Amino acid sequence: MDIFSMTNQKGGVGKTANTINLGAALAEDGRRTLLVDWDPQGHLTEALGVSESPDDRTMKGWVLGQWHGDPHELLVEYRPNLWVLPTALDMFLLDKGLYASTNREMRLAHLLEHFEDDFDTAVIDAPPSLGIGTECALMAARRRPGKRAGLLVPVEAEDSSIRALRLLLRQVGILSGDMRTQIDILGLIPSRFDMRDGEIVSSMLDAFRGLGEPPVIAEIRKRTDIRKAWREKKSVLEYAPKSEAAEWYRDLAKVVLAA
């Protein structure tokens, strides 16, 4: 199973929408795809209208060793080829529990190992923080022999995004060194921007494009279809399959599969 993490410690950058719509594009392409709602806020679970896990069987409970059942019991089928590992109300306690755990950075990776034979691709909706939950998502998407993996980083076209990106790059570098592994950043995804906002947006896009590494691998502009699809608890590929936005995500899926 290939594993990618949609990661940015900055909130409001389009992480969840990008996770959902990339997953839908991969599923449309025939990939058995798993969406992992690793964000304690649970936006992905809510956005898709998926039921949260019951209190006695949750992802947080399994990761912290408080529940020892079969993790397959957590899976929810959303659409053909598209499944969800949903959140639960106890996820807000995840970081506190992880800090008290041994081998804490690998806990999500160990959970996903149970699904290696069930799915072609997993996309993790990581938390908007620099904490241990994010480090788990980074390690789950580390480089592995014979597998595609890496980080997809949605960014806002505003000045604060550069600092946030630098912090993330620093965290990735430190974690890679500490864990003696390689975590690849596949690219940046400027998201939720409107060119009509003028020079600030255009200059930030130029700055992202000019970085070289990590490269810009997709640009997702503000579109009503994306917002309406969210309200309908659907991907934009299902809500408006012929839309410009749907094509952006199909193109992003091609980039990911070529990684």
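Buried residues account for 56% of the 259 residues in this chain, which you are seeing as a predicted model. The secondary structure around them comes to 11 helices and eight strands. With a radius of gyration of 17 Å, close to the 18 Å that the globule rule gives for 259 residues, the chain is as compact as a globular protein of that length. Taken along the principal axes, the C-alpha atoms fill a box of roughly 55 × 40 × 35 Å.

Contacts and surface add to this picture. Of the contacts between residues at least 6 apart in sequence, 78% join residues at least 24 apart. The accessible surface comes to about 11600 Å², and carbon and sulfur atoms hold 48% of it. As for charge, the chain has 33 positive and 39 negative charges, and their mean positions are 2 Å apart.

Now let's turn to the sheet. Eight strands form an open sheet with mixed pairing, in the order 3-4-2-5-1-6-7-8. Strand 3 (76-79) and strand 8 (220-221) stand at the edges with a single partner strand each, so one side of each has no neighbour in the sheet. For strand 3, three bridges lead to strand 4 (residues 82-85), and these two strands run antiparallel. You can find R79 opposite L82 of strand 4.

Strand 5 (residues 121-125) is a good place to go next. In the sheet order, strand 5 sits between strand 2 and strand 1. Five bridges join strand 5 to strand 1 (residues 2-6), running parallel, and M6 has D125 as its bridge partner there. On the strand 2 side (residues 33-37), five bridges again join a parallel pair, with L35 partnered by V123. In a regular strand the side chains alternate between the two faces of the sheet. Within strand 5, T121, V123 and D125 point one way while A122 and I124 point the other way, and all are buried. Strand 5 is thus mostly covered, with five of its five residues buried.

A helix residue meets this part of the sheet. T19 lies in helix 1 (residues 15-28) and counts as buried because its relative accessibility is 0%. Leaving out residues up to four places away in sequence, T19 touches M6, L35, L44, V123, I124 and D125. Two bridged pairs are among those contacts: M6 with D125, and L35 with V123.

Helix 6 (residues 132-140) is also mostly covered, as nine of its nine residues are buried. Among them are E135, C136 and M139. What lies over these buried residues? The cover includes strand 1, strand 5 and strand 6 (149-155), along with helix 4 (94-99), helix 5 (107-113) and helix 7 (160-179).

Finally, look at E105, in the loop between helix 4 and helix 5. Is E105 buried or exposed? At 15% relative accessibility, E105 counts as buried, since the cut-off is under 20%. Beyond its neighbours within four places in sequence, E105 is in contact with I132, E135, C136, M139, L175 and M179. I132, E135, C136 and M139 belong to the buried residues of helix 6, and L175 and M179 fall within helix 7 (160-179). To relate this loop to another part of the chain, compare E105 with G42: they are 63 residues apart along the chain, and their C-alpha atoms are separated by 20 Å.

Definitions and conventions: Residues numbered from 1 in each chain as written. Predicted model: local features only at pLDDT ≥ 70, side-chain atom pairs only at ≥ 80, totals over all residues. Heavy atoms only, no water. Helix = DSSP H or I, 4+ residues; strand = E, 2+ residues; numbered from the N terminus. Rg over C-alpha atoms; globule rule 2.2 N^0.38 Å. Buried < 20%, exposed > 50% of the residue type's maximum accessible area, 1.4 Å probe, protein only. Contact = heavy atoms within 4.5 Å. Areas by Shrake-Rupley, 256 points an atom, 1.4 Å probe, with all protein chains shown as cover. Lys, Arg positive; Asp, Glu negative; His and termini not counted. Charge placed at Lys NZ, Arg CZ, Asp CG, Glu CD. Pairing = 2+ DSSP bridges.
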